[in-house]
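Biologist: Could you take a close look at one part of this model for me? I'd like to start small and then zoom out.

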Amino acid sequence: MPRVFKATEIEKEEKEVKRDYLDRHMPHVFCPDTVKRGEKFEVKIKLGDEYPHPDEHDHFISVIQLWNRETLLAEARYTAGVYGNVPSHFEVDFYIVAPEVSMNLSAMSVCTKHGLWQSEDKPVKVVSQV
Ligand SMILES: [Fe+2]
């Protein structure tokens, strides 16, 4: 069973010591807090606040996934060099249609050297009128 690095489970001391390491791998979900049922909206997933991740032939972000609770909604796959072999904030925009009920979105990313990383949850309220 691989270890999954979760934003909510990393100890405070670990965050202090490994701030750059943790930051460059951690995916973040950006989308509206409230969306209209049946309408398409954008969900951006971006890795890192401060520190960019390497884009080297043996060390890069290979997968970014968007989840709604236990359901995989979408994923993007990368090959090395997509970001010009220079460190970057890997990111992807997905467009999804708001379902009948509210969502609890999260993102997963895979580093070819440092494993699986899970974002914090992003609750999204679905209403009939925004
Ligand atoms: Fe890495």
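Which residue stands opposite Val29 in E4?

Modeller: That's Ile45 in E4, standing opposite Val29. A word on the ground rules: this is a predicted model, so to speak, where local features need pLDDT of at least 70, side-chain atom pairs count only at pLDDT 80 or more, and totals for chains, interfaces and linings use all residues. Residues are numbered from 1 along each chain as its sequence is written.

Now the strands around that pair. E2 and E4 (residues 40–47) run antiparallel to each other, joined over four bridges; strands pair if DSSP finds at least two bridges between them, and strands (E, at least two residues) and helices (H or I, at least four) are DSSP runs numbered from the N terminus. Add E7 and you get an open, antiparallel sheet of three strands, ordered E2-E4-E7. E2 (27–30) and E7 (91–97) are the edge strands, each pairing on one side only. On average, neighbouring strands of this sheet are turned by 25° against each other, direction ignored, with axes being lines fitted to C-alpha atoms (for helices over the stretch in contact) and angles running from 0 to 180 degrees between N-to-C directions.

Zooming out, the protein chain has two helices and ten strands, in the pattern β-α-α-β-β-β-β-β-β-β-β-β along the sequence. Its radius of gyration is 15 Å, close to the 14 Å from the globule rule for 130 residues, so the chain is as compact as a globular protein of that length; the radius is taken over C-alpha atoms, and the rule is 2.2 Å times the number of residues to the power 0.38.
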